[in-house]
Amino acid sequence: MESPTSRESSSAQILVADDSPLFRDMLQKMLLEWGYQVIVVSDGQQAWDSLRQPNGPRLALLDWMMPGMEGAEVCRQVRAGIRDRYVYIMLLSVRADLEDVVTGMESGADDSIVKPFQVDELHARLRAGRRVLALQEELVEAREALREQATRDGLTGLWNRTAIFDILQNELARSGRSGESLIVLMADLDGFKPVNDHFGHMAGDAVLRQVAARMRTSVRRYDAVGRYGGEEFLIVLPGCELPGGLVLAERIRDAIGRECFRAGDAEIKLTCSLGAACAIPPAVPQADDLVREADAALYRAKRQGRDRVEAAPSAVRPA
């Protein structure tokens, strides 16, 4: 059975930088036997060029004394220049004095080993490096999970109110630069309160999740759908003019009203009203103003019978 350690090593790519051909060959053979994917270079500049690649190695064995750039300087370059991932660096050196070890660690090295070294010692130190990288990846994943929780609506999985508003602001700024129009849709479920009153809040939650799923499948891949509050949704359609925006709005309206929603044994019929507002460069409005226009159009749709789409007057480009 494959051990956890061997699984870690088998997927690891490691850089070896040393100006001694004999030492490079010895390290390469050893690391290959341990299951590493080995990249070999002969000087510090080549080491830095390899490590800074987008998919560069995350483990590195660097000789201290190399032509072009010393190992300690490569460490400093890595720590200053690589921000998207962590690179675990071990310096290899004949220098054994405490002062040299401190200098190496202050340059950004994670570990150092004195030549000549015991094979088992190097193997153990590399396993420790792999554990550090694994823990760092877990921290990154946890941070991303927290970020996701902070931007997503817990019930529907859509963008939450803060996030969808941030997306709208960013897309408006991009619209101003690109000259492309942008549509905002405000959508509200018609008569949703009786669902909670008659079937219960759990049924209402089930319906909202289904509504969110239908909305997501009704828009384009790069459109953004957010839950604005309660049964109200904000949809941002970048690079879209009014005719195309109204087509998408009708698609959403049809997706909501075409089939009943299921909550347990109950089948619940709902419709949706939508208001559309358009940002037409160069006169790009503020996000608050555009949402206000879409909201006014939504309430006009409500007053005119519901289950319909209405556009804000400013969305129509003057002839």
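Strand E4 (88-93), helix H5 (98-106) and strand E5 (111-114) each supply at least two residues to the lining of the largest cavity. The model is predicted. The count comes to 2 cavities of 30 Å³ or more. The largest has a volume of about 60 Å³, and the second largest has a volume of about 30 Å³.

**Largest cavity**

- The volume of the largest cavity is about 60 Å³.
- Its lining is made up of Trp-64, Leu-91, Ser-93, Arg-95, Asp-100, Val-101, Ser-112, Ile-113 and Val-114.
- Strand E5 gives the most to this lining, with 3 residues.
- Strand E4 and helix H5 each supply at least two residues as well.
- By class, the lining of the largest cavity holds 5 nonpolar, 2 polar and 2 charged residues.

**Second largest cavity**

- The volume of the second largest cavity is about 30 Å³.
- Glu-171, Arg-174, Ser-175, Ser-178, Glu-180, Ser-181, Leu-182, Pro-238 and Gly-239 form its lining.
- Helix H7 (residues 161-178) gives the most here, with 4 residues.
- The lining of the second largest cavity divides into 2 nonpolar, 4 polar and 3 charged residues.

**Side by side**

- The top contributor to the largest cavity is strand E5, whereas helix H7 gives the most to the second largest.
- Nonpolar residues number 5 in the lining of the largest cavity and 2 in that of the second largest.
- Polar residues number 2 in the lining of the largest cavity and 4 in that of the second largest.
- Charged residues number 2 in the lining of the largest cavity and 3 in that of the second largest.

Terms used: Residues are numbered from 1 along each chain as its sequence is written. This is a predicted model: local features need pLDDT of at least 70, side-chain atom pairs count only at pLDDT 80 or more; totals for chains, interfaces and linings use all residues. Side-chain values use heavy atoms; hydrogens and water are left out. On a 1 Å grid over the protein atoms alone, a cavity is a set of points where a 1.4 Å probe fits but cannot get out, and a pocket is an open set with protein on both sides within 12 Å along at least five of seven lines; lining residues have an atom within 4 Å of a point. Grid points are joined across faces, edges and corners, and a volume is the space filled by probe spheres set on the points. Ala, Val, Leu, Ile, Met, Phe, Trp, Tyr, Cys and Pro count as nonpolar, Asp, Glu, Lys and Arg as charged, and the others, Gly among them, as polar.
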